[in-house]
Amino acid sequence: MDYKAAFKNAVDQVRKEGRYRVFADLKRHRGAFPRATWTTDDGAERDVVVWCSNDYLGQGQNPVVLDAMHAAIDANGSGSGGTRNISGTTHHHVELERELADLHRKEAALLFTSGYVANEAALSTLQKILPGLITYSDSLNHASMISGIRNGGGVRHIFRHNDLEHLEELLAAAPIDAPKLVAFESVYSMDGDIADLAATAALARRYNAITYLDEVHAVGLYGERGAGVAERDGVMDQIDIIEGTLGKAFGVMGGYIAGDADMVDAIRSFASGFIFTTSLPPALTAGAVASVRWLKNHNEVRVTHQERAATLKAMMKEAGLPVMPSVSHIVPVLVGDPVHCKMVSDMLLSDHGIYVQPINYPTVPRGTERLRFTPTPFHTDDMMRDLVSALEKLWAHCNIARMGGVAA
Ligand code: PMP
């Protein structure tokens, strides 16, 4: 086999479809978030405003978080030095798991190296621990959940996105005493819609199913203490397993699950993705503790965040841009094809100093390619005006319909 040609052909195919991924080379500057410096391919440096960071609240630059990380490096050194079992459990790891359990008002929490690993490890392991477990998965669940559910090897059913009637139909078709798990998200990150947690939890209970909720795009951002949509909706005690990340609103890195102590102990004891890998560096866990604690006590940041998102949506709608109907902090604008999506993204960066990645298949279905803006409390009205004005120009230049999709 001509391996080189095979690799090249695979990438050429992606390129042909207009979804070849190019990563912008950005330099950040302490205190300047969301501004950054972009280094172009020919080495020039340009100031840009970042509009697609999942550091939703700018916690990655919060001095409280940075000070905790510096102190932890000074005390502990850089790496953790092993798996959790082999010397990789520092006091910061223990403290963080306690803090996360408390955040979600659960008995216990367990850390993983990322939210992706948390989903993959927990969902596959649950099927191994609970023989005959049937998993019900929302059709728009994240790739990490899909991977975990598939790798568990058990029976799985996909229910139409947020369609509880469909979920009920599928639940009702299985024996009432069969073990079941409903896996879903609160905030869906590409559309910005939010599941009905209370109704989903009640339905699951009626059919003896446990619930697994991915709150990756909600922890830190919703609820009085930042515990997510389950806290906002007053249903934390009705969700069995909450999964979150430390890499988005908390501004650091890592993933976790929280729930009943016996469940957490079982995952801790059986999940390969937890057991056989070096644990997170102590500086990250220390930074995460500081971030979670700080956000617990600063609800005003969440209020500002929501206000910023609402303002941007209103400005875009007034300009006639096809903002998708998000009810969260995520502001997706429909383009409708990968080539124009990439073109607009490239021109925003090169001509307007605005950095936003194109979102293409397979992240979203073909024909729904979009730009996904994530305003933070640090995005000013002036930045929003610049963004909307640039988008208006590019929409006209590329002949993209105001309602989304390329004009005929
Ligand atoms: N779940 C969802 C819904 C996500 O969007 C992501 C990442 N984008 C993850 C899990 C994985 O989290 P992490 O980035 O911490 O690996």
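Student: Which classes of residue make up the shell around the ligand, and how many of each?
Tutor: Two are nonpolar, seven polar and three charged. Here Ala, Val, Leu, Ile, Met, Phe, Trp, Tyr, Cys and Pro count as nonpolar, Asp, Glu, Lys and Arg as charged, and the others, Gly among them, as polar. The model is predicted: local features need pLDDT of at least 70, side-chain atom pairs count only at pLDDT 80 or more, and totals for chains, interfaces and linings use all residues. Numbering runs from 1 along each chain as its sequence is written, and side-chain values use heavy atoms, without hydrogens and water.

Student: OK, which residues surround the ligand?
Tutor: Ser 114, Gly 115, Tyr 116, Asn 119, His 142, Ser 144, Glu 185, Asp 214, Val 216, His 217, Thr 245 and Lys 248. Each has a heavy atom within 4 Å of the ligand.

Student: Which element gives the most to that shell?
Tutor: Helix α4, with three residues. Helices are DSSP runs of H or I with at least four residues, strands are E runs of at least two, and both are numbered from the N terminus.

Student: What does the side chain of Lys 248 sit 2.9 Å from?
Tutor: A nitrogen atom of the ligand, paired with an N or O atom in that side chain. His 217 has a side-chain N or O atom 2.6 Å from a ligand oxygen. For Thr 245, a side-chain N or O atom is also 2.6 Å from an oxygen of the ligand.

Student: How much of the ligand does the protein bury?
Tutor: 82% of the 390 Å² that the ligand exposes when taken alone. Those areas use the Shrake-Rupley method with a 1.4 Å probe.

Student: Back to α4. At what angle does α4 cross α9?
Tutor: Roughly 100°, and the axes (lines fitted to C-alpha atoms over the stretch in contact) come within 10 Å. That makes α4 roughly perpendicular to α9, a label for angles of 65 to 115 degrees.

Student: Which residues meet there?
Tutor: Ala 122, Thr 125, Leu 126 and Ile 129 in α4 meet Ala 266, Ile 267 and Phe 270 in α9, with contact meaning heavy atoms within 4.5 Å. Six of the contact residues are nonpolar, one is polar and none is charged.

Student: New topic. Where are the cis peptide bonds?
Tutor: One joins Phe 33 and Pro 34, with omega about 5°. Pro 34 lies in the loop between β1 and β2. Another joins Tyr 361 and Pro 362, with omega about 10°.

Key
Axes are lines fitted to C-alpha atoms, for helices over the stretch in contact, and angles run from 0 to 180 degrees between N-to-C directions. Angles under 35 degrees count as roughly parallel, over 145 as roughly antiparallel, 65 to 115 as roughly perpendicular and the rest as oblique. A polar contact is a pair of N or O atoms within 3.5 Å; within protein, one must be able to donate a hydrogen and the other to accept it, and residues adjacent in sequence count only if both atoms are side-chain atoms.
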